[in-house]
Structure formats: C-alpha cells, structure tokens
Amino acid sequence: MTPDDVQCTSQERAVLDLIDPDELVELTCTLVNTAGENPGGTEQRTARALEHAASERGLLARSDVVAPGRPNVDVDLTVGGPVSDGPGLLFLGHSDVVPAGPGWTRQPYSAQVDGDRLYGRGATDMKGGLAAVVIAMSALRRSAVELSGPVRLSSTVDEEDLGLGIRHLTARGLERNFRGCIVAEPTDLQTVIACRGDAYLEVEITGVPAHSGRPADGRNAIDAAAALLTLVKQDHEKHTRVTDPLLGSPTWNVGKIEGGRATSMVAPSCHVWLDRRLMPGEDPEQIVSELRNTVDEAGITGDGISVDIDITMSMPGFRTDGDHDLVTTVHDAVADVGGAASIGGWTAACDGGFIARDHAVPTVVMGPGGLNDQAHQVDESVSIRELTQAARAYTLTALRLLSC
C-alpha cells in the first residue's frame, strides 16, 4: 500500500507522507541488534538506542533508572498552542526480549530483511512496535501540526519477567493526564480491548523426612504436592465451564516442580511454581486465600505437612468498552491504512493492565506482528508492510484523538 491508498484527509495525508518505511526498518533493526534478553536484566543498550533515536528526531527522551543498568525510557512529543496542556495519548512498550534459545537458522541479534519480513529476536515482541511509535511521533513533530495534548511513549524494563519497570512507572505516576493508552504489543493490528492478567504463585510444601523402608515414619511433601495439584486441576476445570467471549476463562498451569532429596528418603520438601491467568478485576490475594482454605479443608496440611504460598508476580487484566472513542479511533485508523482491522481480546497479559487499573486510563493493545505465531518463537520476524501500517495507524490515531 502506498500513502496515496490511505483513506484520510489531505492534512492527515501530509503527515503520513513524512513516514519513511526504510527509516522504520532501519530503526527496528537497530533495536533488534541491541538484544536485551530477560531474565538477565540487560536492557541498557536498548534503552540507550531508543533514547538516541528519539533525541536525533527532535523528541524529548529521558531515562528513569529502575535497577542498576535497567532504565525505563520516556519519549515525549510536546506541542505548543493554548490548549496543549490537555489530555494526551500514551503509548506503552517494553525494551526486554525473551532469550533467543537454540534452533535459529539466522542470527537472532543481527537483524535481517528478506522480502517483506524482518527477522530477529524482538522483531515482533516488541522492537517493531517501539520503532513504529517513534517514527509516528517523529512524523507528528516534523509536521508541526497543532495537537490538544502531548504524545508520550513509555518503554519499561522487565516486562518479560517480574514487571519491575511498570511497577516503578505506576508508583512514580504518569505526571500528565491521558485520554487513552495504546500498548504497542503484537496483535496483527487487531484492536484488543480486553486482556487477561497473570499471577505467579510459589508453593513450598514441607514434610518430615524418613527412611523409604519405613515411609509411615515420615510425611511425604511430594505426596502432599500431588494432592494440592489435584485441587488446582479441579479448580481449572471448574472455571473452563464458563467462558468469556473475549477472554475465555481463568486458567491454572503448573510450570515447574522440584522436590525430594534421594530415592531412598521420604521427601521432606517440594516446591511448585504455578501460573494463574486472571480475569479483569480478579485479586491474586483472594485467589491465594481461597487456595489455602481449600488445601486445609482437604486435610492436606497438618500432621507434619505445612504449605506456604507466595505471590511472586502479579499483573492485572483490563477491559475497555468497545464503544469508547479510543477503541473506535484506533480500529478505524487501522482500517484506513489498509490493515486487517478487527476488535478482540487477549488471553495473554501485558503492562497495560496497570495503566488501566492504577491510573484509570482507557487502554487497548494494538501493534505489528503476531503474538501466537511469531512472539517468543525461533526465527521470529515481522512484516515490514505491517510495521508501516502500524506507524501510520498510530499517527492517524494521535491526529484524530488530539485534533484541536
């Protein structure tokens, strides 16, 4: 699709003409090449590259250190005029990527272009989305169009692990009012209006060791863990009987289990890592309280067996009304640039839930690339056409939401 094919006004077209797909590809490649694997806490290079890219385009970039070598980055497009202090538009992204892992047929951190595809770890999740936002903000700045409020990109660290960056941002505050937030995660340009949350639970079961020749002398922590996991499975199956049309249902997953000391011993301990996907409004503390009560009522605890449950990470879900002007504006902008416009929900989780819950900012997710077929995959890639459509859709959304 050429700029002439975009459905927009002449003023909007003039701004979109400032978006250079080659510049967008170059910036995406630069960000991919900075790596930033997490776990590992190595987002520093990506943050610096993002700051440099913003600054050289006349945008205001500033870092906010979350932990040593791990800065969040805010990029601001400030606008002049008498109404420029009005509510703005917030874009949200993250600078970390999951580890590349084995099996790649290309170098994961040496971005390559092959036809319409740009390959590299993070091309889809979510260096492409970050680049598209920066290029959109650059076009808005160069056009000198008057907007009713600022446009900001907040890029956080640690999204792929424990969410240190978004928690830091939420505690600091947004400092401005925003009409809406667009999370630039990969959705194949679908406008996602509802998103599940997530909680990590660590369960420590303690028993009593004994010789395996006399197992009755001990209390087996692995047996207790098995009984607990049966309860978790039953709760999972109960939830799946009632599904939300956009989000499905709450789910449990047993991610990892470790226990015991030796084959010839009654296991004195067992550690279980659980993932609980949350519906909007669900409280992890309440879920843990209910699990503890269920475990106690089932007779698993006592007589030498104890169970401790800790929440090590939680991320809220969110839901935005489908009729909200943020939703309709984003959806229509995608359609007007030739993207595959639709409205849906996400069974994954993202940082946007914090913005919706803690700051009451209407939030959607919309970005280039595929969550299910590219994100976290071997030979991850993103369509250059879709990257360009995303940058154009972000630009149109800002123009239409913040028109004076």
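Here are some notes on two sheets, the helices lying across one of them, and two pockets in this predicted model.

1. Let's start with the four-stranded sheet. It is open, its strands pair antiparallel, and the order reads β10-β11-β9-β12. The edge positions go to β10 (251-259) and β12 (306-315); each has a single partner strand, so one side of each has no neighbour in the sheet. From one strand to the next, the twist averages 20°.

2. If you want a closer look at one pairing in that sheet, take β10 and β11. Strand β11 covers residues 269-278 and runs antiparallel to β10, with eight bridges joining the two. As a handle for the register, T251 has R277 in β11 as its bridge partner.

3. R277 turns up again in the largest pocket, which holds about 380 Å³ of space. The lining counts 21 residues, and those closest to the pocket's centre are E160, R277, A348, A349 and H376. Two elements, β9 (197-206) and β12, each give two or more residues to this lining. So what is the make-up of the lining by class? There are nine nonpolar, four polar and eight charged residues.

4. The second largest pocket comes in at about 220 Å³. Its lining has 14 residues, with D235, H239, I287, E290 and L291 nearest the centre. Here the elements giving two or more residues are helices α6 (221-239) and α7 (284-297). By class, the lining splits into five nonpolar, three polar and six charged residues.

5. Now for the other sheet. Three strands make it up, in the order β4-β5-β16, and this sheet is open too, with antiparallel pairing. Its edge strands, β4 (112-114) and β16 (381-383), each pair on one side only. Ignoring direction, neighbouring strands here are turned by 25° against each other on average.

6. Within that sheet, β5 (residues 117-119) and β16 run antiparallel and are joined by three bridges. If you're checking the register, L118 stands opposite V382 in β16.

7. Which helices lie across this three-stranded sheet? One is α2 (residues 21-33), which lies across β4 and β5 and runs at about 20° to β5. Another is α4 (residues 123-143), lying across β5 and β16 at about 50° to β16. Strand β5 therefore has both α2 and α4 lying across it, given that contact here means heavy atoms within 4.5 Å.

Terms used. Residues numbered from 1 in each chain as written. Predicted model: local features only at pLDDT ≥ 70, side-chain atom pairs only at ≥ 80, totals over all residues. Heavy atoms only, no water. Pairing = 2+ DSSP bridges. Axes fitted to C-alpha atoms, helices over the stretch in contact; angles between N-to-C directions. 1 Å grid on protein atoms, 1.4 Å probe; cavity = no way out; pocket = protein on both sides within 12 Å on 5 of 7 lines; lining within 4 Å. Points joined across faces, edges and corners; volume = space filled by probe spheres on them. Nonpolar A, V, L, I, M, F, W, Y, C, P; charged D, E, K, R; others polar.
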